[in-house]
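Me: I am new to reading structures. Please take one part of this one and go through it closely, in short steps.

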Amino acid sequence: MPTVHSPHQSLTYSLIASGLQKSYGDTHALDGFDLRVAAGSIHGLLGPNGAGKSTAVSALCTLIDVDDGSATVAGLDIRSSGKQVRERIGLVGQAAALDDILGGRQNLVMFGRLFGLRSSAARARADELLHQFGLTDAAERPVSTYSGGMRRRLDIAASLIRTPAVLFLDEPTTGLDPRGRNEVWRAVRQIAESGTTVLLTTQHLDEADQLADRISVMNHGRVIAEGTPKQLKRRLGGGRIEVMLEDGTRLTEAARLLGEALGTTAVVDDYSRTVTLEVPPGGTGLMSVVRVLDGAALTADDIALRRPTLDEVFLALTDMPPAASVADSSPDSADRTAESADNKETP
Amino acid sequence: MTTTQDVEPELRRSNALRESWIITQRDLLHWVRQPAGPIFNLLFSIMLLLMFGFLFGGAIEVPGGGDYISFLLPGMLTLAMLFGLESTMLAMTTDAAKGITNRFRSMPISSSAIVLGRSGADMASSVLGLAVLFGGGLLIGWQISGEVGAVVLAVFLLLWLRFALLWVGIFLGLRFRGAGATAAIQVLVWPVGFLSNLFVAPETMPGWLGAVAEWNPISATATAARELFGNPTGSMGGILADNAVLMAALWPLVITLVFLPLSARAYRKLRA
Ligand SMILES: Nc1ncnc2c1ncn2[C@@H]1O[C@H](COP(=O)(O)OP(=O)(O)O)[C@@H](O)[C@H]1O
Ligand SMILES: [Mg+2]
């Protein structure tokens with residue numbers, strides 16, 4: 001008789017949540033929260049302050065009881081198998097969960113022993129992790145003397161003592177300077193390479209874009225969009241083509257010609273000598289742009305296809321500005337350079 | 001990187017006592033790494049002792065006669081137990097604010113270990129506090145005339161009070177997590193400490209105030225300790241004074257019976 005091999009859910013998904021509900025008085029912190037995270041992937045949970053990200057993480061880590069719905073972590077039910085779930089997860093909460101008075105090594109040894117390691121094994125594991133996260137030199141110093149990035153790395157190291165099947169990172173880079181943020185990003189990528197599934201919450205759209213294989217956009221306690229960063233960007237439309245002309249006196253003429261060719265209106269910016277055109281979803285129109293410019297003997301200094309940023313996706317999906325977008329959005333020019341490097345299509 | 005397979009054979013089974021001890025050790029390491037805090041606390045209790053012993057002591061008369069220093073010392077020991085409440089609460093709120101409590105809770109350890117570990121550390125620090133006050137008291141002329149067994153019982157009753165107040169501190173720390181709540185408790189322990197017989201005999205107070213002071217649970221411990229150490233009790237008798245040791249055993253029991261379940265409930269409510 002042939003063996004029927006039905007791939008069990010837990011083999012493909014490390015995290016499954018369906019219809020999670022959690023209310024605090026009138027606040028529906030989770031309101032039908034659904035999630036599926038493929039084993040070994042990095043999943044971004046993106047949402048503004050108060051969206052319910054921390055509540056979702058707390059529920060999946062078995063720190064709080066949900067009112068309704070069900071979830072499995074590493075194939076184990078969060079309600080009935082709490083302790084087994086806790087044996088397979090690592091949690092890096094929003095607040096760094098470290099003892100400030102103790103040194104980095106002492107912290108790791110303490111957590112290691114609590115995880116059930118004998119003292120000698122805990123010390124060995126601590127040294128390994130300190131080395132892996134570049135903290136060996138600071139191992140003896142009290143954690144209170146660590147920089148923000150170092151604390152976060154130690155915090156992450158402490159959650160990896162038993163190589164968790166699923167690692168939860170709740171806003172791991174909030175409050176870090178760009179350097180600290182890069183350190184944490186590197187650590188997260190390293191962890192994912194070792195096979196651990198990562199659920200990372202963030203308010204930073206670029207962070208999800210940088211790290212996550214898939215993103216769930218969350219607001220008011222539920223997921224309002226899910227997909228790869230690219231898919232999410234596409235949902236908003238085709239994006240924009242920005243043409244920077246060599247000759248600033250022919251901008252209006254170029255705008256008229258390009259607008260006619262693409263069937264959209266073109267916006268002119270005299271200062272940057274740029275004509276911006278909206279592109280319909282799916283199409284690029286870059287070829288026609290090049291043909292039009294060529295035919296009219298216009299020379300372009302730069303042509304860039306700019307896909308919508310997650311910021312714009314977010315605004316469209318939630319009808320409200322994410323709290324972080326004002327402070328964190330980079331100046332438009334820098335943004336454009338980065339995007340055009342990624343997306344420029346050679347005609 | 002070590003994989004789970006390498007680590008697993010070394011793992012011990014979850015064991016509440018072992019885990020509590022690890023959490024207690026964490027506090028003991030604090031003393032070693034940052035002794036300034038505990039030393040300041042000890043110096044503070046010595047300062048209070050000297051202040052009451054010499055600054056006010058001359059003006060305070062012990063009803064029924066007797067040396068004020070010897071009347072005061074059991075009161076100061078009791079006060080140290082009361083003040084321990086603050087450090088328990090502060091430690092609980094600090095760990096919760098830093099997310100350490102949540103990390104512990106996300107780990108496969110026994111949930112009672114977090115609280116038992118706290119108890120271990122706080123009881124150890126109280127023993128140390130008692131020892132320092134004992135030494136300081138003897139240096140300034142405290143006379144212990146009780147028998148060894150009685151003295152041991154007195155120390156036990158003092159620690160029994162501390163144990164009961166531990167649950168008050170844990171409950172308050174779990175239930176009221178803001179920094180404001182801790183500050184409020186730091187202020188509130190003073191009237192609780194003073195509205196008692198720790199410094200002044202209730203006989204010398206206005207009637208209603210004296211009654212409050214007499215029925216204050218910490219007064220029972222102080223009176224029992226005075227009796228057992230063979231010190232003046234400043235009491236002219238009465239049902240409370242006659243059963244001081246019994247009351248010193250009962251009050252903390254009542255406090256524990258009320259606040260231990262409340263603490264357990266507050267701990268479970270972290271899940272709500
Ligand atoms: N323990 C709690 N008591 C009351 N309200 C809470 C509690 N935890 C979260 N909330 C509320 O639930 C909502 C979601 O919070 P949270 O999950 O922390 O959001 P996020 O992490 O996305 O910022 C917020 O409105 C918050 O105020
Ligand atoms: Mg949060």
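The part I would like explained is the interface of chain B and chain A, followed by a look inside each chain.

Reply: First, the ground rules. This is a predicted model, where local features need pLDDT of at least 70, side-chain atom pairs count only at pLDDT 80 or more, and totals for chains, interfaces and linings use all residues. Residues are numbered from 1 along each chain as its sequence is written, chains are lettered from A and ligands numbered from 1 in the order in which they are written, and side-chain values use heavy atoms, with hydrogens and water left out.

Start where the chains meet. On the chain B side, 35 residues are in contact with 43 residues of chain A. Contact means heavy atoms within 4.5 Å. The size of an interface is often given as the accessible area lost when the parts come together. Here the buried area is about 3,800 Å². That is the accessible area (1.4 Å probe) that two parts lose on being put together, summed over both. Carbon and sulfur atoms give 54% of it.

Now the charges. The rule finds 4 salt bridges across this interface. A salt bridge is a side-chain nitrogen of Lys or Arg within 4 Å of a carboxyl oxygen of Asp or Glu. D100(A) and K98(B) form a salt bridge, at 3.6 Å from N to O. Between the two chains, 14 residue pairs are in polar contact, with both residues at pLDDT 80 or more. A polar contact is a pair of N or O atoms within 3.5 Å; within protein, one must be able to donate a hydrogen and the other to accept it, and residues adjacent in sequence count only if both atoms are side-chain atoms.

Which helices of chain B each supply at least two residues of the side that touches chain A? They are helix 1 (4-7), helix 2 (16-33), helix 4 (68-98) and helix 5 (100-106). Helix 2 of chain B gives the largest share, 9 residues. Helices (H or I, at least four residues) and strands (E, at least two) are DSSP runs, numbered from the N terminus. By type, this side of chain B divides into 14 nonpolar, 10 polar and 11 charged residues. Ala, Val, Leu, Ile, Met, Phe, Trp, Tyr, Cys and Pro count as nonpolar, Asp, Glu, Lys and Arg as charged, and the others, Gly among them, as polar.

Next, the rings. The whole structure has 16 aromatic pairs over all chains. Rings of Phe, Tyr and Trp (its six-membered ring) pair if their centres lie within 6.5 Å; planes under 30 degrees apart count as stacked, over 60 as edge-to-face and the rest as tilted. F44(B) and W190(B) are edge-to-face, because their centres are 6.2 Å apart and their planes stand at 85 degrees. F44(B) sits in helix 3 (residues 36-56) and W190(B) in helix 8 (residues 179-194) of chain B, so the pair ties together parts 146 residues apart in sequence. F44(B) is partly exposed, at 26% relative accessible area. Buried means under 20%, exposed over 50%, partly exposed in between (1.4 Å probe, protein chains only). Ring pairs link both residues into a cluster that also includes F40(B) and F83(B).

L49(B) lies in helix 3 of chain B too. L49(B) is buried, at 1% relative accessibility. Beyond its neighbours within four places in sequence, L49(B) is in contact with residues including L72(B), M76(B) and I140(B).

Last, chain A. Chain A has 14 helices and 14 strands. Of its 347 residues, 51% are buried.
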